[in-house]
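Biologist: Could you pick one part of this protein and take me through it slowly, along with whatever surrounds it? I'm in my first year, so please explain the terms as you go.

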Amino acid sequence: MPPVRFLCAFVALSLLVTGTPTSAESIGINFESGGRSGNVDSKVTSSAGVVPQGNWNNVTGETASASILRNDQNAITTATVSWEANNSWTVINEAHSGGDDGLMNAYLDTTDTSVSRITVTNVPYQRYAVIVYMDGDGTDRSGRYTVNGHVRDPIIDDANWAFPGSFIEAVSGGDRGNYSRWSGMSGATLTITAQASQIGSGFRAPINAIQIIGEAPLTPP
């Protein structure tokens with residue numbers, strides 16, 4: 001039987017070769033402010049999202065910046081966020097105290113010609129996935145979404161409100177859904193844009209929230 005030290009060294013080397021990922025952490029940003037007859041509270045105060053997490057960063061305003069972003073463990077990260085949009089809106093003019101209904105109620109909105117832009121700087125992950133949640137108060141509106149230069153056009157807003165308790169993934173352009181995931185992203189700066197699609201008769205491209213999920217980089221042998 002091989003010595004214990006040899007077995008430990010073999011296991012350690014195997015982990016290096018296979019690049020076994022560590023547990024991921026995430027940063028969630030919820031655009032909670034919206035208006036109809038007035039502002040509606042759509043804060044997320046509990047676990048929410050297709051990849052459930054707590055400690056969402058609830059931010060308000062059509063054009064603003066937040067200097068501090070916390071992760072799902074409520075730890076301060078190096079990341080900061082800024083954004084600009086035509087306006088912010090709500091699907092249902094009712095307050096939500098947390099959970100997926102709050103996450104999916106308020107959103108950054110566009111016109112048929114404007115562009116919403118979200119910029120996150122100093123992303124603390126070498127490689128990461130990005131989830132963009134998109135659900136407005138219309139049906140069959142189509143948007144063009146770009147994450148670090150990777151385009152999906154169109155993503156079609158399905159008739160799924162009031163929020164039915166299920167997330168519907170749009171995997172590629174032409175899909176209907178209320179969220180889409182881009183994996184394998186990299187770079188210290190994350191840029192997300194949304195605008196009316198050039199494909200189809202619909203218009204507008206809502207963004208309710210985003211998640212940045214750390215993906216452990218593969219370690220070379």
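Modeller: Sure! First, some vocabulary: helices (H or I, at least four residues) and strands (E, at least two) are DSSP runs, numbered from the N terminus, and two strands pair if DSSP finds at least two bridges between them. What you're looking at is a predicted model, where local features need pLDDT of at least 70 and side-chain atom pairs count only at pLDDT 80 or more, while totals for chains, interfaces and linings use all residues. Residues are numbered from 1 along each chain as its sequence is written, and side-chain values use heavy atoms, with hydrogens and water left out.

The protein has two helices and 14 strands, and I'd like to zoom in on strand β14, residues 209–215. Which strands does β14 join? On one hand there's β1, which runs antiparallel to β14 with five bridges between them. On the other there's β8, also antiparallel to β14, this time with seven bridges. Now find Ile-212 in β14: Ile-27 has Ile-212 as its bridge partner, and Val-130 stands opposite Ile-212 too.

Is β14 mostly enclosed or not? Six of its seven residues are buried (under 20% relative accessible area with a 1.4 Å probe, protein chains only), so β14 is largely enclosed by the rest of the structure. For the protein as a whole, buried residues make up 45% of the 221 residues.

That brings us to the cores. A nonpolar core is a set of buried Ala, Val, Leu, Ile, Met, Phe, Trp, Tyr and Cys residues joined through side-chain atoms within 4.5 Å. The largest one here has 32 residues, and Ile-118, Val-120 and Val-132 touch the most other members. β14 is one of the elements that give two or more residues to this core, and others include β1, β4, β7, β8 and β13. A separate core of 13 residues has Trp-56, Tyr-133, Phe-163 and Ile-213 among its members.

Try clicking on Ile-118. Leaving aside residues up to four places away in sequence, Ile-118 is in contact (heavy atoms within 4.5 Å) with ten residues' worth of neighbours you can pick out one by one, including Phe-31, Val-81, Trp-83, Leu-190, Ile-207 and Ile-210.

Next, follow Tyr-133 from that other core. Tyr-133 forms an aromatic pair with Tyr-179, with 6.3 Å from centre to centre and 35 degrees between the planes, which makes the pair tilted. (Rings of Phe, Tyr and Trp, using its six-membered ring, pair if their centres lie within 6.5 Å; planes under 30 degrees apart are stacked, over 60 edge-to-face, and the rest tilted.) Tyr-133 is in strand β8 (127–133) and Tyr-179 in strand β12 (179–186), so the pair ties together parts that are 46 residues apart in sequence. Both tyrosines are buried, and with Trp-56 and Phe-167 they make up one aromatic cluster.

Trp-56 also leads us to Ala-48, in the loop between β1 and β2. Ala-48 touches Trp-56, and its other contacts include Gln-53, Gly-99 and Leu-103. With a relative accessible area of 2%, Ala-48 is buried. From Ala-48 to Gly-102 you'd count 54 residues along the sequence, yet their C-alpha atoms are 8.7 Å apart.

Now step back to the open sheet: seven strands, in the order β3-β4-β7-β13-β9-β10-β11, with mixed pairing. The edge strands, each pairing on one side only, are β3 and β11. Inside the sheet, β4 and β7 pair in the antiparallel sense over five bridges, with Thr-80 partnered by Thr-121. Thr-193 is in β13, and at 10% relative accessibility Thr-193 is buried. Its contacts include Val-115, Arg-117, Arg-144 and Thr-146.

Last, how far does the predictor trust all this? The score is pLDDT, its confidence in each residue from 0 to 100; the protein averages 83, and 78% of the residues score at least 70. Our neighbour β8 has the highest mean among the elements, 98, while helix α1 (residues 4–18) has the lowest, 40. Over residues 4–22 pLDDT stays under 50, and the model has 13 contacts beyond four places in sequence for that stretch.

Note on methods: Buried means under 20% relative accessible area, exposed over 50%, partly exposed in between (1.4 Å probe, protein chains only). pLDDT is the predictor's confidence in each residue, from 0 to 100.
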